[in-house]
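Here is a small set of exercises to work through with the structure on your screen. Try each task yourself before you read the solution below it.

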Amino acid sequence: MIDSLPDQVTTVRPPHGLLGRTTTVTRVIETATAPGSGPLVLVTGPLGIGRSAVLTAVRDGLTARGHHVLALRVARNERDRPYSLAARLSAELGALHRGTDARRAPHTAAPVPHEAGRHLTAVLRAAVTAGEPLFVLIDDLHWTDPASRGVLLPKLRSLAGSPVTFVCSFRTLPAVTEHDRVALERLRTAGLVHVVPLRPLHAREIDTLVAHELQATPSASLSERLRRDCRGVPSAALGAVAGYRRAGSLRVVDRHAYLASPDRPPEMPPGLPCVQHLRALGAPVWPVVKALAVLHPLGSAATGLIAEALDTGEDEVRATLESLRAEGLVVHGPRPGHWRFRLPLHASSLTACLGQYERRRLSQLAVTAVWSGTATAQGCYLAEHLVTAGRFVDPARAAEELFTHGSAAMLEDGHSAERWLRAALDLITEPELRARVLLVHASTCTIHLRHAEAAESAWAVLSRYADLVTAENLLEMEMVYIVSLAGMSDQAALTALADEGWRTLPGGPGHRIISRYNALCHLERWQEAADHLAATRQEWSADNDFVAGVGQILDEISHAFLGRPRDFERAVADPTRWPLWERGPRHRFQRLSWLTRTLMTFGELAPAQRLLETYGLPSGYRPVPDQVVAASQSGHWDRALDLARRALATGAWVGDLTSHTMASREMSVILGARGRITQARSVIENARTVHSLLLHLLAGPEAELEQSLGATGRAHRVITDALALAERLGLVVGTDELWLRRTEVELDAGDPAAARRCAREVARVAELTGTERSRLCHLIATSVAHRNPAAAAEAVALARHRGQPLELADTLVTVVRHGQADPGLLREAYAVYGDLDALLRKAQLRNLMREQGVPVPGRSATMAENERLLAVLVTEGLTNREMAVALGCSEKSVESRMTRLFKRAGYRSRVELASAMLTGDYTV
């Protein structure tokens, strides 16, 4: 019997250092044990590449084969102790040859240094005479003292063809002496040395390494960051992951790992080899390398600045850097006098080791050098160090530059812009300047959905600086404040503002009317909001252009949601007929964003795209939830999911509450269609925990999930409750799809009269909204409820014209399932589901195709897809009964399929299979 899947999947993970190295381990063992092999096998590579892990695995492999193995590790401090390794090796080999435990051998058994060579020769001769294979493993051979190397290397010639083989790890260092290099080359030429280099892991191997560590797939952005900073070194990649987790900047969303704060460096664990090694070196290396971590982007100026920071000479700094280059930790940059770290990760690792004063002092030096022209800085380097330096540099100049950088980045890089603007505020005391920065800070935070920060800055303007800003800015801050309260789900504050608090807001009557309307909408008191705006039209429309313009667009959108879209349709036809259109790109951005978002809420992707193609968002920026909806409706599902996960990870998910609901809806549709039923439900539940708007739009995908698991009664209740909610709120938007689903439910329940009543409701909504989506729903409802093949044909033609892949495939399936179209159309739907990787929809469609006598193409591909879907459903935690319902087969069939899957893939339990799915190890 196959185990059931627990809530938390746990499994035994393979050793991290061996991921991507198993072939190398096998190669080393086979080389060392091959008849006539040379006496020395060297596993080489730079710091952190995984030499020790490979050597440990080689030891285990040789021991498992029954060989005698002696393993030693050389410490760094042994490099300065003559004959250290030779003495240890003599003692250990002597104890092994006598059959004693080397760890219990008396200390006096070790030879004195000047006798080490003679002792080593004797014990090696004894080992050779014994005739049994012996493998001597030495880790970190590069730390061997010169005297021991001088003894050991010549003796390797005498071991040729003997049963004694040395297998050593050796870090490739620029500082290897010429004498050692020549000796090794001679041994290699003589066939006495086999070198097995460990190269950096490929990007895919690093992804696998991280997936095993996190039990989640690294996102493309995280993979790129690790590739850039770690250069394929596995210990560095694992150290970076641990550091990001310590810093709280790594988030796992839907089994995918993202960096929530891309600018935050990892807090590296103390045991990271590089940091531990450098810290142990002490002065002058440790202070120099920490300063270099901050100043190296300044190129040739860095050396002098480090000397100034440490109150030492430039020659001393250069000498220290040369010693680090000899150890392979730093390298020369692209131009003379430039230094950089071999692994960029080391810079951020060392920056995290700085104390607060050190950090600010180094930033002060960097900023002063750039300001004076001594150095030049690229990208956001100056802005970041202005933040860190604070009042260590001229506050007025720093604040002005931070404001300039923040304003320029407010659309493209909200995370950095918010930090820079906040730092500018910390340096400013003049009320007029503070008000100016607060306005931009609040707008930036609103655009990038940082609601708490936006509310704080907006309220600061409203409560303390209202008399210092324009009437336009004042209304903008009132709207930012209300939107931010909604984004934080503060319904109590919204209610207080909508009922009486709006009367005390600063500004004129028009400001207060618009603010109250906005608060009412965010409380879903739609009809009350529309009535309030209609009753006060004379006041707000006669106010300044900004008040009139905002009132106009809010009036257009709310009436469209309520089924009165005439003014909204005029706005879409010509968005330039608006008081604020010529007032600048910011206002055009606002109008086009609202219009396109509303169109997509009605399912009208093509008109939204035409609007953007005609006019274009002035900045090119589009809110992430809107991007998710557009990508999903146009069939770019992988992009939609990645955008959604990234937004959830970075906290940029809950923005405009209607778009949040729509984005959640689309995400649940995609996950459900791909068999991710549990995750799809989780998305819907999470959307309801937020103070979202238009929640009845979630009922369609929720009912689909219930239907997939055979819960027909629950699916019916979900649709019924959503229609009741929409009626109570006076909303029409989205009810066309709900009435269509209700039509199908009634037909499946055997009540054609009820189905025809529901179809009439679809027709009513279509007449009210006038959208193509509503017309499509009306045609489908008419075809299935009234047995009308002509309506079905028209529906198929319209769905093809609209160009939304899932909508087209679902339309084809619906009209064929109800007998109103040629079953051959199912082949087209099957291909569309395949393009979307909609595994569950495709599997369910196969059942219908067999019922309709339509051949299912690609038998081998079908079998592979069935296995992959089965693995997905197992990972989702579905029982055999639930899987049987979802797949339209018997529980016995599911058990047979599971048995075949486990036998083919070699998994012993659901836990192992689920873990393999999480880490990407599962392959069909």
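## Exercise 1: Two unusual loop residues

Arginine 231 counts as partly exposed, because its relative accessibility is 40%. Keep in mind that this is a predicted model.

Task: find where arginine 231 lies, and find which sign its phi has.

Solution. Start with the location: arginine 231 sits in the loop between helix H8 (220-230) and helix H9 (234-247). Next, look at the backbone: phi of arginine 231 is near 50 degrees, which is a positive value in a residue other than glycine. Most residues other than glycine have a negative phi.

Now do the same for aspartate 254: is this residue buried or exposed? Aspartate 254 is in the loop between strand S7 (250-253) and strand S8 (256-259). Although aspartate 254 is not a glycine, its phi is positive, at about 50 degrees. Its relative accessibility is 10%, so aspartate 254 counts as buried.

## Exercise 2: A peptide bond to check

Task: decide whether the peptide bond from alanine 283 to proline 284 is cis or trans.

Solution. Begin with omega, which is near 0 degrees for this bond, and the bond is cis. Then place the residue: proline 284 is found in the loop between helix H10 (273-281) and helix H11 (285-295). As background, most peptide bonds are trans.

## Exercise 3: Build the sheet

Task: work out in what order the five strands of the open sheet are arranged, and which strands stand at the edges.

Solution. Read across the open sheet and you get the order S2-S3-S4-S1-S5, with parallel pairing. Strand S2 (68-73) and strand S5 (193-197) each have a single partner strand, so one side of each is left without a neighbour in the sheet. From one strand to the next, the twist averages 15 degrees.

Now zoom in on one pair. Strand S1 (residues 40-45) and S5 run parallel and are joined by five bridges. One residue to look for is leucine 42, whose bridge partner in S5 is valine 195.

Finally, add the helices. Helix H1 (residues 22-33) packs on the sheet and touches S1, strand S3 (134-139), strand S4 (164-171) and S5. The direction of H1 makes about 175 degrees with that of S5. Helix H2 (residues 51-64) also packs on the sheet, where it touches S1, S2, S3 and S4. The direction of H2 makes about 165 degrees with that of S3.

## Exercise 4: Two sides of a helix

Task: say which residues of helix H27 (residues 566-573) are buried, and which are exposed on the other side.

Solution. First, pick out the buried residues: Phe568, Ala571 and Val572. Seen down the axis of H27, these fall within an arc of 100 degrees, so they line one face of the helix. On the other side of H27, Arg566, Arg570 and Ala573 are exposed. To finish, look at the cover over the buried residues, which includes helix H26 (545-561), helix H28 (585-601) and helix H29 (605-615).

## Exercise 5: How confident is the model?

Task: find the average pLDDT of the protein, and how many contacts beyond four places in sequence the model has for residues 1-17.

Solution. The protein averages a pLDDT of 87, and 92% of the residues score at least 70. Over residues 1-17, pLDDT stays under 50, and the model has 31 contacts beyond four places in sequence for them. Over residues 100-110, pLDDT also stays under 50, with five such contacts.

Terms used:
Residues numbered from 1 in each chain as written. Predicted model: local features only at pLDDT ≥ 70, side-chain atom pairs only at ≥ 80, totals over all residues. Heavy atoms only, no water. Pairing = 2+ DSSP bridges. Helix = DSSP H or I, 4+ residues; strand = E, 2+ residues; numbered from the N terminus. Axes fitted to C-alpha atoms, helices over the stretch in contact; angles between N-to-C directions. Contact = heavy atoms within 4.5 Å. pLDDT = per-residue confidence, 0-100. Buried < 20%, exposed > 50% of the residue type's maximum accessible area, 1.4 Å probe, protein only. Arc of directions from axis to C-beta.
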